[in-house]
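Please open the model in your viewer, with a cartoon display and the option to show side chains for single selections. The tour goes from selection to selection, and at each stop the text says what to look for.

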Amino acid sequence: MEETKPITATKRHKKQDMEDSPQEKPKAKPARTKKPSANADFEAEDADEKLQWWRDGRLGKIAGMGLLLGSFILAVSFTSYLFTVSDDQSDLLNNATRALADNTLQVHNSLGRLGAVLAHVFIDRLFGLASYLFCGVLFVTGFNLLMQRRVFNALKVSLYCFFGLVWLSATLSFINYLVHPASLINWGGGFGDYLTGEQGRLTGLLKVVGTGALLIVSAVAFFVWLYNFSFDFLLRPFAGSGTDEMAAESAAAKVMAPVYRDESENIFGKDNLSDLADPFPLDIEAEEDDDIALVVTNKPKATPRNLPLETVTAKDENYNEDLPLKLDIQAPKEEPQAEVFGSIGTVFDPTLDLSNYKFPTLDLLDEHSAEKIKYDPEELERNKNQIISTLNNYQIEISKIKATIGPTVTLYEIVPAPGVRISKIKNLEDDIALSLAALGIRIIAPIPGKGTIGIEVPNVNKEVVSMRSLLASEKFQNSTADLPICLGKSISNEIIVADLAKMPHLLMAGATGQGKSVGINSILVSLLYKKHPSQLKFIMVDPKKVELSLYELLEKHFLAKLPGEADAIITDTKKVVTTLNALCILMDQRYDLLKKAQVRNIKEYNHKFVNRQLNPANGHEFLPYIVLVVDEFADLIMTAGKEVEMPIARLAQLARAIGIHLILATQRPSVNIITGTIKANFPARIAFKTTSKIDSRTILDAGGSEQLIGRGDMLLSQGSDMIRLQCGFVDTPEVERVRDFIANQQGYAEAFLLPEYIDPNDKSAGDDFLSDGEKDGLFEDAARIIVQNQMGSTSLIQRRLKLGYNRAGRLMDQLEEAGIVGENAGSKAREVKFKTEMELDHYLQKIRG
């Protein structure tokens, strides 16, 4: 068999090789029939090298250093001029060319003749002391170019400096004219003298009083344009003098006025990330009409089945069956960086209660990786050959193979030859895993929406997906979702941002240590970066007592709790039941508000409220979203059972319309924990690595999660769609920094209070459970014995008080009726509801009246 030449990276070279091969020549365009010269490869490489310095930002960095140097030169020369102007003032400075060329001229400026000339031109001839603003413009522009990112808003700084040059020059010249007209330093420069000097245009037109008033009004107008502050303080001298109506109208106008946020101000602060670098550090060559293709110089030896590896972009879908089988590598997609988070421009702004609240900045999070997807061409070639060889061993032919490289997993898409049954490839999952010697092989046959079969193979070198890179993406920052959450990156390096309000509830499950807690933290951090405390509240249930305790300091900002409770993070199972029932009461109350407002969901209700269409006097108020987070749902089901499952099911069925959403996580995805009632109301599910296929089917109604590789590798199922993601990683110190940043700001007076719920079966609230005549004389002694020993046993009362069984039994019944001990538990001792004698004494004093 005649050896076929490998295809090079560009279409021009591809066509040349095809012309040289003995195969049938494809039809070429008339304009492209000219044969390239023999030195075409060298010319292309030279052209690429010439452009490389432009692409990698070298010129920008050098220009930035030059601008910084210019800023330094101007600052030093201006400052030195202020002290040496009397010595350097001479007729030579009136001729800048002569002053620079005359080497015998002696000057005292710290930067020599150049500094003296620059200072004389800028300060004396142009803008006076306002010329220092040129230093700021040069510094800002140069620093941005040097850092290769937009650290400062150069356009905004330039506009402000332009106004400052004009206003400061005119003002300083006006002051110089009034205070010290004989000064050697021209405070306002030639431009200021032209406007407000002794013979200035404005002073001649408006005189001193008019010119001064114009300068003051122009400065105030500038600050009004910047900050839009109010002039209500002008009404204070008239308070109580018949202008109350005027003051009331002004206050109403202030409340009704929309509040706009500067679109150029980044909500994440000054840490604007520039576009991420190209994840493939490969040489790229392209013509005007050609698609850019990736070039890999290392080409392994060709064999009949081990064919040469070539890389082209996914855009090149032209495939010739006569050409050798190739591996098509799709470059990861990069998310451009956005500048702004969003703006609020409604009539009523709920954020005014905490108007000084600042959103967390990106510098609170760590960059855990270089954000570049690294890949090994030899690894790709080896895996491709193993897949082809395994399929050929079972007489399965394929016509095309393509690789999409993700942070932890590479997806190999194959197109089977005509007549090949998909089930034959699906049944070879274990054989392919054996040949690749890799853990976590998944076969997707076929890939939804594509005519290919996918084989997911874990990478040898796995990349960490940092939460900072996800939150810095344009997709998250510009998201219009009500509750946007960053879940991670897909195999194609696409950032997945979901809307919790549309899910509307989320079920997370997986084996221990596979990333559930990190996944919960990434969801919570996403919401903290996006929502204001007035727009969102969390109810956190943490039976393990250590996972969600990090967020306890956010009680007065983002947490909700029951009235009278000390801790906002719920760890006691009994309090969980009370909280869930209180949440059901809140749900019913909100539905009553929606019924009165004649709307169907919380979004329509809040829209009406902020547009002043609902009267607060009728009980209407702005409704924040409420997210219930349960870190270990299995523990609640085991300890409380139906008491927890019933309110959870009711909330899952009804609460989505009024803005209450649930996130349940468990490490025991068994059928007695995740029941059919719960699964029916949780269409959105996340499965981390599980120990068996049965657990995977319990979570997702499909297998696959048992083949995951752990450490944040997960499957997201929404209805019929299922995608594989790498969860964003956020470490505990990062969460603590975000928490402290929010907790150190002003919060509400107290946490968001849920409605009070009284358990009808709880008898501890009854004061008059027995009259003094019915109460046994040894009642309090028996109560103290029970609390001291923490064991509700009738025999214990018999032994300690030396009573008969009947009287001890009556005492135990009275203790139960009083709420000191629990109900009869058969052969087991009753539960004691008081932990210390101090608590018991307070309670006994209360029931005595």
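The stops below start with the whole chain and then turn to its parts.

**The whole chain**

Begin with everything selected, and keep in mind throughout that this is a predicted model. Coloured by secondary structure, the protein shows 28 helices and 18 strands, and of its 849 residues 46% count as buried. Among the contacts with a separation of 6 or more, 67% are between residues 24 or more positions apart.

**The annotated transmembrane spans**

Next select residues 62–83, 126–147 and 205–227, which an unreviewed UniProt entry annotates as "transmembrane region". In the model, residues 62–83 are 100% helix and 0% strand, and the C-alpha atoms at the two ends are 33 Å apart. Residues 126–147 are 77% helix and 0% strand, with 31 Å between the end C-alpha atoms.

**Two cysteines and a count**

Now display the cysteine side chains. How many disulfides does the count come to? The count comes to 0 disulfides, and at Cys 161, which is in no disulfide, the nearest cysteine sulfur is that of Cys 135, 9.9 Å away. Since a disulfide requires the two sulfur atoms to be within 2.5 Å, the pair can be checked with a distance label between Cys 161 and Cys 135, which should read 9.9 Å. Cys 161 is buried, with a relative accessible area of 11%, and Cys 727 is also buried, at 7%.

**Strand 7, covered on both faces**

Select residues 453–458, which make up strand 7; because 6 of its 6 residues are buried, this strand is largely enclosed by the rest of the structure. In a regular strand the side chains alternate between the two faces of the sheet. Colouring by face therefore shows Ile 453, Ile 455 and Val 457 on one side, and Gly 454, Glu 456 and Pro 458 on the other, with both sets buried and both faces covered.

Then add the pairing partners of strand 7. Strand 5 (residues 409–416) pairs with strand 7 in the antiparallel sense over 6 bridges, and the bridge partner of Thr 410 in strand 7 is Val 457. Strand 6 (residues 442–444) is likewise antiparallel to strand 7, here over 3 bridges, with Ile 444 standing opposite Gly 454.

**The nine-stranded sheet**

Move on to the open sheet of 9 strands, which can be followed in the order 9-8-17-16-15-10-14-13-11 and whose pairing is mixed. Its edges are strand 9 and strand 11 (536–541), each of which pairs on one side only. Neighbouring strands of this sheet are turned by 30 degrees against each other on average, with direction ignored.

Within the sheet, select strand 13 (residues 625–630) together with strand 14 (residues 660–666): the two run parallel and are joined by 5 bridges. Leu 628 has Leu 662 of strand 14 as its bridge partner.

**Helices that pack on the sheet**

With the sheet still displayed, add helix 18, which packs on it by touching strand 11, strand 13 and strand 14, and whose direction makes about 160 degrees with that of strand 13. Helix 23 also packs on the sheet, touching strand 10, strand 15 (684–687), strand 16 and strand 17 (721–727), and its direction makes about 160 degrees with that of strand 15.

Stay with helix 18 (residues 573–597) for a moment and place a distance label from its first C-alpha to its last: its 25 residues reach 36 Å, close to the 36 Å expected at 1.5 Å a residue.

**Backbone details in the loops**

Most residues other than glycine have a negative phi, and most peptide bonds are trans. The last stops depart from these patterns. Just after helix 18 comes Gln 598, which has a positive phi of about 60 degrees although it is not a glycine. Gln 598 lies in the loop between helix 18 and helix 19 (602–610). Is the residue buried or exposed? Gln 598 is exposed, with a relative accessible area of 70%.

Asp 701 likewise is not a glycine and has a positive phi of about 60 degrees; look for it in the loop between helix 23 (693–700) and strand 16 (713–718).

Finally, select Met 503 and Pro 504, which are joined by a cis peptide bond with an omega of about -5 degrees. Pro 504 lies in the loop between strand 9 (495–499) and strand 10 (506–509).

Technical notes:
Residues are numbered from 1 along each chain as its sequence is written. This is a predicted model: local features need pLDDT of at least 70, side-chain atom pairs count only at pLDDT 80 or more; totals for chains, interfaces and linings use all residues. Side-chain values use heavy atoms; hydrogens and water are left out. UniProt positions are given in the numbering used here, feature names are shortened, and annotations may be inferred rather than shown by experiment. Helices (H or I, at least four residues) and strands (E, at least two) are DSSP runs, numbered from the N terminus. The expected span of a helix is 1.5 Å times one less than its number of residues. Buried means under 20% relative accessible area, exposed over 50%, partly exposed in between (1.4 Å probe, protein chains only). Two strands pair if DSSP finds at least two bridges between them. Axes are lines fitted to C-alpha atoms, for helices over the stretch in contact, and angles run from 0 to 180 degrees between N-to-C directions. Contact means heavy atoms within 4.5 Å.
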